[in-house]
Every structure is written in C-alpha cells, then in structure tokens.
Amino acid sequence: MPELFKNYINGEWVSRTQTFENRNPANTEELVGTFVKGAAQDVEDAASAAAAALPAWSTMAGPARGAILYKAADILDRKFEQIAAEMTREEGKTFPEAKGEVRRAINIFRYFAGEGSRMPGMLVPSERDRVHMFALRKPIGVVGLITPWNFPSAIPAWKMAPALICGNTVIVKPASAAPLSAWRIVEALHEAGIPKGVVNFVAGSGGELGNALVNAAPLKAVSFTGSCEIGNWLHAEASKRRLRIQLEMGGKNPTIVLADADFNSAVENVVNAAFFSTGQKCTATSRAIVEDAIYDRFVAAVVERTKKLRVGDGMQAGIEIGPCVDQSQMETDLRYIEIGRKESGEPLCGGGRLTEGALAKGYFVEPTVFADVEEAHTIAREEIFGPVLAIMRARDFEDAMRIANNIPFGLSSSIQSTNLSRVFEYIYRAEAGLLTVNLPSAGVEYQLPFGGSKESSFGPKEQGPAALEFYSDYKTVYLKY
C-alpha cells in the first residue's frame, strides 16, 4: 500500500477525500506515493494559521529561530540517502545529482540558520547633535512560496529558510510532479519543533491553489519559480493587491565557445550543461555559440561525446541522463525536436523517444544535437526545458556576443575562453544575471545572489545575503538622547 502524504496546516497533517498520484518517471508502473489534493479552503486555512502564528514567531529571537533551522538540517542529514533516493524516484534525476541537491538543501538551511545570529541592519551617524540613528530588519508577514519540480528540494529550501529566519510565516505550494522532496523538508521542520502555523504545506492543482494563494487576505508577498506564462499571470494578479513579488522564470541560455578555449573542457562543459538533469534546469545551456575557426571540429566532438551518454533509470549506477519528469514534458521535447527538424534539418544525434526494454516504461528522450541553427529558428529562441542543444556559428567574439544577447531572456550565460581580456569584455557586456567562465552554465552555490535579467526574473534576487532583502523590510529609528 503506497504511503499517503497529507497536507500540513497549523501544525497538523490534514487529509481530504481527493488525492493524486506521484509516479516514477523512469518507470511509471512504480507509485512513489499518493498525495492529498488540497483545495482553496486549505489555502485559506493555511493563511489564517500563518497570520495567527506571525506575532510570536516574528518576535522570537533570531538565534532561537536559527536553532530550529539547524535542527531541521540535522534531521534531513540523518535521512540523506532516503530523501535523495526519493527525489530520483519522483523527479527522475540521477541518484548522484539528487544527493548533491539534498546536500545543498541542508547547507542552505544551515547557512540561513546562522543569519539568525547576524541579521544585519544599519547604523549611521546623524548630522544632528545627540541623535542616534539606526535601522532594524523586520519581517514582511505571511509569504506564499510556489516551487517547481526540477529542483524539488533545493528551491523550496532556498525560499523557506530565508523567509523563516527573517521572522515570516509561510505557505508552501510545491509542484504536483514532484511534491515529496518539499514535503520531507516540512516534515523535518515539524520534527524540529517549529511552532504551529509557522510553516504550512498544501499540494494540489496549480490553478486552483495559486489563485487562492494570491487572493488570501493575510498574504503579504509571494515568491515563485516556474514558467514565464504562470509568472506573468501571477505578477498581474499580485499587483492588484500590491503584494511584494519575486519571480524566477525562463531562460534560453548561451555558452560562447571561442577558438582559444581549452577545447576538451569546453566540450565537457557544454555537454554537461545541456544534458545533465535531462536539460531540465532553468540555467541549462540550450544554445552553444561557437567561433567559426573551431566550429566544425567542436560540433563533431560534442556529437561524439553526446552519443556516449548513458540514458536510463537514475537509480542505476553509471546512468548520466534520466527521464523527462512526466509525459507532458516529454511531449513538449519531442514537439520541439520536430520543429527543429523542419527549420534546422535533421539532428546530428538523438531526436526521438527511447523505448527499448525497460525504457519503454518511462519518459525517455534521446539527448539531441542540432547544428547550423540560425537565430530566427524556434529552437534558438524558445525555452524547451529538455535535452535539446542548438549549436550556432559565430564569425568572431563580437558576433558571438551579439547572438548571445539577442534574446528576450537573461538568466544564465557562459563563456569558454583562455583570453583574459575577452573574458572581462564578456563579463561586463553579457546580458544575464548569472555568468560562468570555463564552467557549465548550470551549477550555482547558495552563498551568492541568484537571479536573471530581462524576461527571466522580476524582483529582488534569491540566495546568499541578497535573499534577506525580499523577505524583510526596514524599521528606521531616530533617537534623541
């Protein structure tokens, strides 16, 4: 009998009649668990509970709040292997990648737990005699957190931890495709003794719950990671109430490869960023922009390396690429591949669904490489979110920069070059919020700000010290003595 995972409202595990299944995308015959399908009333109850819990939680000493986050991190650490395996089974990424993500979630909780003992404000001298001036951070209130399926542990962690340490209470709405990883974090906070109502978890339909969340009277802010379509809708709805809002959305991320690059490293970095996690990263490389002098050689090397990638169940040793998260995403990938065929010609490798043997039970798409892709082609402009790489030719560095920036998105970008001057030119001119040099475009750490530019993001950055800016406000004091 599969386990039933209930919603968490006001410190209690709450059930309803309706449920939905969480199945393994590598083997759809395996039921990972059954989740209670929340309704709008659950969101209202969660918002009321969060509002009631806010006064006590917000006035608790920062180090005391931090102690609960430290304890939750320790609980997650004790269940490390289990939680990582569950992530692979519910989302599809390989077990080593899942372990890396769970470790990152634990580290995020410990990082922000430490902020409880710092919580920096401002202290500045006054122009007036015997006036003491300072500013204190204060929480903003009840915060809604809407998280995606592609990083089902790390993203809930990097939203929950800073929100809680700043003294806010939260309502977490995870993606239905992979809710268990976020559920485990809430479970750990419950076991750590977090007061009733401080954390609430409601799984279910994004449309019904999202609408209820943005209209919940106690809500003061919402942080969202997901598609541009939903993010734009959320922005419009939240703006009606003047809610504080933070959006992380799509990307069409370039990697520029110059002729002076370390060739073998550049090949590995592009293949890694394009295909690991099945290309289901908002920071994944979907466009490789290669200088003409090495173009043909680079394309051949990428194709050769891509053909060697092992695709399969992420729990099996040696597997590098797992399945798409669900049938809808697989169909999206295959649809874009067909568009690529019509506009850019036959892919040099990949291009279809894998259905041999055990792979027939999952949503597996071959890592696919298109070459000689032009800027106007659909696969060079629209986010696919799958294992599809478009390789584009650039005359030189200037042409590569123009192609890289000529896109509505601006999340991540990478350059492969050993020319220091070109690297700094790139750093100052690249139109993206996250830049990497001689590394894959995907792969960030929690100690620095994360977020994009242009249509990829809106609002303050996430992660690192910058996260405190969204989840807190200032109380400014002028004191005459």
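This passage describes one helix, the cysteines, and the cavities and pockets of a predicted model.

Helix α8 spans residues 228-240 and contains 13 residues. The distance from its first C-alpha to its last is 19 Å, close to the 18 Å expected at 1.5 Å a residue. Five residues of α8 are buried, namely Cys 228, Gly 231, Leu 234, Glu 237 and Ala 238. The buried residues of the helix pack against one other helix, α7 (206-214), and against the strands β8 (142-146), β11 (219-225), β12 (244-248) and β17 (409-410). After α8 comes Arg 242, which has a positive phi, near 55 degrees.

The count of disulfides in the model is zero. A disulfide is a covalent bond between the sulfur atoms of two cysteines. For the count, the two sulfur atoms must lie within 2.5 Å of each other. Cys 324 does not meet this cut-off, because the closest cysteine sulfur, in Cys 349, is 15 Å from the sulfur of Cys 324, too far for a bond. Cys 324 is buried, at 0% relative accessibility. Cys 166 is also buried, with a relative accessible area of 5%, as is Cys 228 in α8.

Open space was then examined, starting with the pockets. The largest pocket has a volume of about 1100 Å³. Its lining is made up of 39 residues, and those nearest the centre are Trp 149, Phe 224, Gly 226, Ser 227 and Ile 230. Helices α7, α8 and α11 (327-344) and strand β11 are the elements that give two or more residues to this lining. Helix α8 therefore lines the largest pocket and, through its buried residues, also packs against α7 and β11, two further elements of that lining. By class, the lining of the largest pocket has 20 nonpolar, 13 polar and six charged residues.The second largest pocket holds about 360 Å³ of space. It is lined by 18 residues, of which Arg 104, Phe 151, Lys 281, Gly 443 and Val 444 lie nearest its centre. Helices α4 (95-115) and α5 (154-165) each supply at least two residues of the lining of this pocket. The largest share comes from α4, with four residues. The lining of the second largest pocket divides into eight nonpolar, five polar and five charged residues.

Enclosed space was searched for over the whole structure, and four cavities of 30 Å³ or more were found. The largest cavity contains about 110 Å³ of space. Of its 15 lining residues, Gly 279, Ala 284, Ser 286, Phe 385 and Gly 386 are the closest to the centre. The lining of the largest cavity consists of six nonpolar, six polar and three charged residues.

The second largest cavity contains about 80 Å³ of space. It is lined by 16 residues, and the closest to its centre are Pro 254, Ala 404, Phe 409, Gly 410 and Glu 431. The elements that contribute two or more residues to this lining are the helix α12 (397-405) and the strands β13 (253-257), β17 and β18 (412-416). Strand β17 is also one of the elements against which the buried residues of α8 pack. By class, the lining of the second largest cavity has seven nonpolar, five polar and four charged residues.

Definitions and conventions:
Residues numbered from 1 in each chain as written. Predicted model: local features only at pLDDT ≥ 70, side-chain atom pairs only at ≥ 80, totals over all residues. Heavy atoms only, no water. Expected span 1.5 Å × (residues − 1). Buried < 20%, exposed > 50% of the residue type's maximum accessible area, 1.4 Å probe, protein only. Contact = heavy atoms within 4.5 Å. 1 Å grid on protein atoms, 1.4 Å probe; cavity = no way out; pocket = protein on both sides within 12 Å on 5 of 7 lines; lining within 4 Å. Points joined across faces, edges and corners; volume = space filled by probe spheres on them. Nonpolar A, V, L, I, M, F, W, Y, C, P; charged D, E, K, R; others polar.
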